[in-house]
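I opened this notebook page to record what I looked up, working from the strands outward to the surface and back again. The entries follow below.

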Amino acid sequence: MPAISTSSLPDIIFMLLFFFMVTTQMRETSLRVKIKLPIATEVQKLEKKALVSFIYIGPPTNTKMYGTESRLQLNDQYATVADVPEFIALEREARNEADRNFLTTSLKVNKDTKMGVVTDVKQELRMVGAFRINYSTLKGGKKQ
Amino acid sequence: MRRAAPEINAGSMADIAFLLLIFFLVTTTMDVDSGITRRLPPPVENPDIDIKVKERNVMNILVNKNNRLLVNGEAGDISTLKEVAKKFMTPHYPDNPSYPEVEEKTIALIGTIYSSKGVISLKNDRGTSYDMYIMVQNELARAFNEIKDELSVSKFGVKVDQLTEEKRDAINEAVPVRVSEAEPENIGGN
């Protein structure tokens, strides 16, 4: 029996590779908080990924070291609510001048988090004029 | 005699490609970010001056720390919230004092229609869970989307998601999403 020709195998794999390269994007931050998003039905897709900055709020992944109280994560590290204005300023700085007004802040918040910290963050965002926000949710079926 | 150049061994090409593939699989994400988009109100310059909105134009929703709802002073439920909000925000003409005021609007592509001046005021406690908050926001969004769909069907014959961009903008102008997230305050203690 002749051996199966494997000469086209690299081409197949390259095709797979290109597919993944096109459909995915690079993971930018490593999460230090656990995010279990709530489910909603009336969701909109977040367009223009480059104009979105993310704020993560949730219980730390390393509960032995940091406890279970919800923490804020900006970029790659834990932060406090007072750090939000500076974070937004840096995010604006990094964008094109024409795009700055269209910057959206996506709040990725764990579903069991209390609203207190979320409200604080929202107040800070209002103060610095980052009015466009997006409550990140999973798209789910009918609730309840 | 010239020797033919030896052929490059391509046997390991597949392995190299596999390695690249696995690298991309690990370092990338495929999840589509979706969520409920809202616009925060600009900061109030002088918090002492209350902007007076007629009482009949406001629907008050309070969520306390036990995730219980108070809708217009009465205990409410998440399963009926959409219907209540939709009823409240649907424009009623002729003027009915138990519903918000209506105003006449002339919008391109739609013409003259009546638009409700109602506002939904949403207040939550610091102890409210985020899940509950999103559920309330979702129900309100659902109410607005249904009103938009109804208007769209009556004017254009199709639902909002099948409209062209200009028509969709017209619908959005006719049915403004007015959900006000009031200044935070502690209700029901922490």
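Is B:Glu166 buried or exposed? I was working with a predicted model, and in it B:Glu166 has a relative accessible area of 57%, which is over the 50% cut-off and therefore counts as exposed.

I then looked up where B:Glu166 sits, and found the residue in helix H4 of chain B, which covers residues 165-174. B:Glu166 is one of the members of a negative surface patch, which I noted as A:Glu47 together with B:Glu165, B:Glu166, B:Asp169 and B:Glu173.

Next I turned to a nonpolar surface patch of about 360 Å², and listed its makers as B:Phe18, B:Ile22, B:Leu25 and B:Val26. I checked B:Leu25 individually: this residue belongs to helix H1 of chain B, residues 13-27, and its relative accessibility of 42% places B:Leu25 in the partly exposed class.

For the interior I chose strand S4 of chain A, residues 52-58, where I found seven of seven residues buried. Going through the two faces of S4(A), I wrote down A:Val52, A:Phe54, A:Tyr56 and A:Gly58 as pointing one way, with A:Ser53, A:Ile55 and A:Ile57 pointing the other way, and all of them are buried.

Which strands does S4(A) pair with, and in what sense? With strand S7 of chain A, residues 104-109, I found parallel pairing over six bridges, and within S7(A) the residue opposite A:Ile55 is A:Leu107. With strand S5 of chain A, residues 71-74, the pairing of S4(A) is antiparallel and rests on three bridges; here I noted A:Gln73 as the bridge partner of A:Tyr56. As a general reminder to myself, the strands of a sheet pair through backbone hydrogen bonds, either parallel or antiparallel.

Finally I placed these pairings in the whole sheet, which is open, has mixed pairing and consists of seven strands in the order S3(A)-S2(B)-S8(A)-S7(A)-S4(A)-S5(A)-S6(A). The edges are strand S3 (44-45) and strand S6 (77-79) of chain A, each of which pairs on one side only. I also marked that S2(B) stands between S3(A) and S8(A) in this order.

Technical notes. Residues numbered from 1 in each chain as written. Chains lettered and ligands numbered in written order. Predicted model: local features only at pLDDT ≥ 70, side-chain atom pairs only at ≥ 80, totals over all residues. Heavy atoms only, no water. Patch = residues over 30% accessible without salt bridge, like charges linked within 9 Å, V, L, I, M, F, W, Y side chains within 5 Å. Areas by Shrake-Rupley, 256 points an atom, 1.4 Å probe, with all protein chains shown as cover. Salt bridge = Lys/Arg side-chain N within 4 Å of Asp/Glu carboxyl O. Lys, Arg positive; Asp, Glu negative; His and termini not counted. Charge placed at Lys NZ, Arg CZ, Asp CG, Glu CD. Helix = DSSP H or I, 4+ residues; strand = E, 2+ residues; numbered from the N terminus. Buried < 20%, exposed > 50% of the residue type's maximum accessible area, 1.4 Å probe, protein only. Pairing = 2+ DSSP bridges.
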